[in-house]
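Please read the following walk through the model with the sequence and the 3D view side by side. It goes from cysteines to sheets and then to a pair of helices.

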Amino acid sequence: MSNSLPSLTPSSNNVDELPKARFWEAMDICQWEGFWFEPGLVKPAITFRSTFQARDDDLLLASTPKTGTTWLKALSLCIMQQNQEHDILTMENPHFHVPTIESTIYSTKPQKADLYDASAPRLLHTHLPHAVLPDSIKNSACKIVYIARNPKDTLISMWHFFNSIIRPNQEPFPLEKAVDCFCTGVYQYGPFFEHVVEYWQESQKRPEKILFLKYEDLKTDPKAQISKMGEFLGRPFGSEAEVEEVVERCCLERLKNLEVNRNGSVLSNVPNSSFFRKGEVGDWKNYLSPEMEDRINQTSRLKLEPFGLASFFS
Ligand code: A3P
């Protein structure tokens, strides 16, 4: 099966004409529909929006980067494949099984799930904001699971990822500057806060359509959250032991040590191992100065409080 997107003729969407900026002094990003993207991702995003035909039993996972996407993919695979003898997580990295739609252009091998032709139910993921999702996703019965994470831990996770992938033999990117970009929104897939708010609001309007999860809740009480996912996805668990098995299969230490995740890469120049680091809540305390913390807190309050979200992420 191919993983190619249908061809595109977006004459009115010339990527070269979009506003541009540098992301952390290392790569170009451009602003499309109010959010910042790598230029190479904009055309796939436009194609996705204009051509994708959702099916009622599709499942779309959504997140902004470094909020627990890999974990969410692993959990969803286990939940959707309940009762299967083999453990799909030992065969390939979760990013292979659940492609991130707009990033499949970076895939190092043909992905198993063809976005357009694979048989239903399809399990897909996107980092795109809710506003640019295809109408067919918004209007069909297909479900969305969004994962959100504390902004300070998200930023620190991104900073480590970026330093190891983009600046492997250099000094880390200055954290003060990273905080500044994060708060002003000139950040990959940013602004972070608007991304979270869009999915949050939609999940409030249509709770049967969008499940809004928090990384911290998954860490604190994985069994309750995974049971909730099972119910939401129409795959309720038969026993607590089954839920526990999913918790175990998807725990960070286990995934990190699987052969498929220690070696190889599903996305070019991104080793599979780089998706697994510490997975701790509050790791930001080891890095952010009080001033940086204050800056992010202020921005969080400003952007999230009007939606009743600030206390979730304090
Ligand atoms: P840290 O950098 O804080 O350790 P994403 O998958 O969206 O890229 O997010 C990566 C973050 O999720 C990293 O956080 C990573 O360690 C953490 N993570 C990956 N797999 C996980 C798992 N199975 N359980 C908990 N956290 C996980």
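Why is the sulfur of C181 not in a bond with the closest cysteine sulfur? The structure is a predicted model, and in this model the sulfur of C181 lies 9.5 Å from that of C183, its closest cysteine sulfur, which is too far for a bond. A disulfide would need the two sulfur atoms within 2.5 Å. Taken from the other side, the closest cysteine sulfur to that of C183 is in C181, again at 9.5 Å and too far for a bond. Disulfides in the structure number zero. As for their surroundings, C181 counts as buried because its relative accessibility is 16%, and buried means under 20%. C183 has a relative accessibility of 10%, so C183 counts as buried.

The next part to look at is the sheet at the start of the numbering. Three strands form an open sheet in the order 1-2-3, and their pairing is antiparallel. Strand 1 (20–23) and strand 3 (35–37) are its edge strands, each paired on one side only. On average, neighbouring strands in this sheet are turned by 40° against each other, direction ignored.

Strand 1 and strand 2 are joined as a hairpin, with three residues between them. In that turn, W24 has a positive phi of about 45°. The two strands pair in the antiparallel sense over four bridges. Within this pairing, A21 is opposite I29 in strand 2, and F23 has M27 of strand 2 as its bridge partner. In a regular strand, side chains alternate between the two faces of the sheet. Strand 1 has one face that is covered, with A21 and F23, and another that is uncovered, with K20 and R22.

A second hairpin follows, made of strand 2 and strand 3 with two residues between them. Here the turn residue with a positive phi is E33, at about 55°. Strand 2 (residues 27–32) pairs with strand 3 in the antiparallel sense, over three bridges. The bridge partner of Q31 in strand 3 is W36, while C30 stands opposite F37 of strand 3. Helix 1 (residues 39–51) packs on this sheet and touches strand 2 and strand 3. The direction of helix 1 makes about 35° with that of strand 2.

Now turn to the other sheet. This is an open sheet of four strands in the order 5-4-6-7, and the pairing is parallel. The edges are taken by strand 5 (123–126) and strand 7 (210–214), each with a single partner strand, so one side of each has no neighbour in the sheet. Neighbouring strands are turned by 20° against each other on average, direction ignored.

One pair in this sheet is strand 4 (residues 59–63) with strand 5, which pair in the parallel sense over four bridges. L60 has L124 in strand 5 as its bridge partner. Helix 2 (residues 69–80) packs on the sheet, where it touches strand 4, strand 5, strand 6 (143–148) and strand 7. The direction of helix 2 makes about 160° with that of strand 4. Helix 7 (residues 192–205) also packs on the sheet, and it touches strand 4, strand 5, strand 6 and strand 7. Its direction is at about 130° to that of strand 7.

The last stop is a contact between two helices. Two packed helices are described by the angle between their axes and the distance between the axes. For helix 9 (residues 222–232) and helix 10 (residues 240–249), the axes come within 9 Å and cross at roughly 105°. Angles of 65 to 115 degrees count as roughly perpendicular, and helix 9 and helix 10 are therefore roughly perpendicular to each other. The residues that meet are P222, K223, I226 and S227 from helix 9 and E240, V243, E244, V246 and V247 from helix 10. Five residues of this contact are nonpolar, one is polar and three are charged.

Technical notes. Residues are numbered from 1 along each chain as its sequence is written. This is a predicted model: local features need pLDDT of at least 70, side-chain atom pairs count only at pLDDT 80 or more; totals for chains, interfaces and linings use all residues. Side-chain values use heavy atoms; hydrogens and water are left out. Two strands pair if DSSP finds at least two bridges between them. Axes are lines fitted to C-alpha atoms, for helices over the stretch in contact, and angles run from 0 to 180 degrees between N-to-C directions. Contact means heavy atoms within 4.5 Å. Angles under 35 degrees count as roughly parallel, over 145 as roughly antiparallel, 65 to 115 as roughly perpendicular and the rest as oblique. Ala, Val, Leu, Ile, Met, Phe, Trp, Tyr, Cys and Pro count as nonpolar, Asp, Glu, Lys and Arg as charged, and the others, Gly among them, as polar. Buried means under 20% relative accessible area, exposed over 50%, partly exposed in between (1.4 Å probe, protein chains only).
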